[in-house]
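Reader: I've got a protein model open and a pile of labels that I don't quite trust yet. Could you show me how each label is earned?

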Amino acid sequence: MEIGIPKETKDQEFRVGLSPSSVRVLKENGHNIFVEQGAGVGAGFTDEDYQNVGAAIVSTPDAAWNRELVIKVKEPLSSEYKFLQKEQILFTYLHLAADRKLTEHLIDCGVTAIAYETVEQSGSNKLPLLTPMSVIAGRLAVQFGARFLERQQGGRGVLLGGVPGVKPGKVVILGGGVVGTEAAKIAVGMGAAVQMIDVNVERLSYLETLFGSRVELLYSNSAHIESAVKDADLLIGAVLVPGRRAPILVPRGLVQQMRPGSVIVDVAVDQGGCVETVHATSHTNPVYVEEGVVHYGVANMPGAVPWTSTQALNNSTLPYVLQIANLGVEALAKNSALAKGLNVQNHRLVHPAVQEVFPDLVQ
């Protein structure tokens with residue numbers, strides 16, 4: 001199969017769909033890979049690295065896109081819609097619940113669109129292709145939050161770990177999944193006071209075995225959220241409902257009650273965000289102030305550490321890429337986990353969770 005690897009065009013997105021080591025595996029299985037010139041440079045991979053493992057370097061986006069299978073990292077931007085075509089397979093993060101325009105175009109153009117974030121292991125509810133980026137985003141959320149709490153960055157001037165004689169900063173994490181757990185690890189390591197809120201009692205029990213008394217664990221209800229958020233120096237949104245828009249847990253009125261210069265990092269922003277006042281930002285302009293609170297809404301946080309995140313992503317995606325390359329769309333019938341990743345096919349929106357978001361687009 002001919003496989004195209006276009007250069008990512010999202011603002012300061014330096015990850016790349018396939019690393020040279022992944023390309024080598026695909027070449028050993030008889031596939032031809034076409035990498036857009038410079039696609040891997042931001043992640044530390046030169047064009048020569050790709051050529052050395054048998055890839056062809058192409059000079060234009062069209063030459064990378066015009067292939068049977070296209071592997072990306074982030075969803076196609078409007079400038080890339082023209083490259084999508086009927087009977088092509090697109091395998092990337094899509095997050096369609098937060099992007100009606102892209103959803104409509106994928107339906108119209110006839111592409112088979114498989115989303116990393118909805119590939120789900122049968123019977124486990126695990127999302128194997130979302131997990132590695134969730135780990136990185138969770139860890140970065142505290143790192144970025146700590147930075148923007150600095151006074152020079154517009155924050156309150158709070159050191160999360162505090163010092164002897166001065167209490168530490170308070171980190172509130174909404175959601176105890178992968179993102180929230182990784183954020184808590186970093187926040188605890190920095191010496192912050194950490195509260196985590198989740199709706200799943202079994203998950204809270206697991207988190208207690210992981211953190212003990214170092215993290216205050218609360219069941220998610222409006223009273224607990226309101227009490228915790230008002231006093232937070234750093235609020236991290238880590239809520240995930242696979243395929244669906246994230247629920248609004250923090251309304252504007254509650255944001256208004258936060259202290260001026262507090263920071264919100266909403267990792268759920270690529271699914272619409274769980275804080276009402278959050279909207280998507282970029283690495284170039286990552287923050288804005290609303291209701292006196294610093295908001296960070298970058299939807300591709302792992303793009304800040306592309307060397308690490310590209311390899312972590314490839315470790316998880318490569319087996320699925322190889323199966324698609326070997327079998328084409330037949331791979332969907334052979335692999336039930338991959339089949340759950342299918343969002344659009346034959347001009348139809350097929351993923352149940354996305355159908356619930358856009359019922360008028362269901363045929």
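Reader: What makes the meeting of R139 and E182 a salt bridge?

Author: This is a predicted model, and in it the side chains of R139 and E182 come together at 2.8 Å, N to O. The cut-off for a salt bridge is a Lys or Arg nitrogen within 4 Å of an Asp or Glu carboxyl oxygen, so an Arg and a Glu at 2.8 Å qualify. R139 belongs to helix α5 (residues 131-148) and E182 to helix α6 (residues 178-189), so the pair ties together parts that are 43 residues apart in sequence.

Reader: Why is E182 called buried, and what is R139 called?

Author: Buried means under 20% relative accessible area, and E182 has 8%, so the label fits. R139 has 40%, which lies between 20% and 50%, so R139 counts as partly exposed.

Reader: How do you know that α5 and α6 come within reach of each other?

Author: Two packed helices are described by the angle between their axes and the distance between the axes. Here the axes of α5 and α6 come within 7 Å and cross at roughly 40 degrees. The crossing is right-handed. Contact is made by T131, S134, V135, G138, R139 and V142 on the α5 side, and by V178, V179, E182, A183, I186 and A187 on the α6 side. Sorted by type, the residues of this contact come out as seven nonpolar, three polar and two charged.

Reader: Which other pairs pass the salt bridge test, and how many salt bridges are there?

Author: The structure holds 16 salt bridges. One of them joins the side chains of E2 and R67 at 3.0 Å, N to O. That pair links distant parts of the chain, with E2 in strand β1 (residues 2-5) and R67 in the loop between α3 (61-65) and β4 (69-71), 65 residues apart. Another joins E104 and R100, also with 3.0 Å from N to O. E104 and R100 both sit in helix α4 (residues 100-109), four residues apart, which is about one turn of the helix. And K10, K74 and E75 are linked in a network of salt bridges.

Reader: What makes R67 buried but E2 partly exposed?

Author: Same cut-offs as before. R67 has 17% relative accessibility, under 20%, so R67 is buried. E2 has 29%, over 20% but under 50%, so E2 is partly exposed. E104 at 31% counts as partly exposed, and R100 at 33% does too.

Reader: How many disulfides are there, and what about C109 and C274: buried or exposed?

Author: The count comes to zero disulfides. A disulfide needs two cysteine sulfur atoms within 2.5 Å, so a count of zero says that no pair passes that test. C109 has a relative accessible area of 14% and C274 has 0%; both values are under 20%, so both cysteines are buried.

Reader: Where is I264, and is it buried or exposed?

Author: I264 lies in strand β11 (residues 263-266). Its relative accessibility is 0%, under the 20% cut-off, so I264 is buried. Leaving aside neighbours within four places in sequence, I264 is in contact with L235, V255, M258, V275, V278, V293, V294, H295 and Y296. As for D231, it is 33 residues from I264 in sequence and 12 Å away in space, C-alpha to C-alpha.

Key: Residues are numbered from 1 along each chain as its sequence is written. This is a predicted model: local features need pLDDT of at least 70, side-chain atom pairs count only at pLDDT 80 or more; totals for chains, interfaces and linings use all residues. Side-chain values use heavy atoms; hydrogens and water are left out. Helices (H or I, at least four residues) and strands (E, at least two) are DSSP runs, numbered from the N terminus. Buried means under 20% relative accessible area, exposed over 50%, partly exposed in between (1.4 Å probe, protein chains only). Axes are lines fitted to C-alpha atoms, for helices over the stretch in contact, and angles run from 0 to 180 degrees between N-to-C directions. A crossing is left-handed if the near helix is turned anticlockwise from the far one by less than a right angle, and right-handed if clockwise. Contact means heavy atoms within 4.5 Å. Ala, Val, Leu, Ile, Met, Phe, Trp, Tyr, Cys and Pro count as nonpolar, Asp, Glu, Lys and Arg as charged, and the others, Gly among them, as polar.
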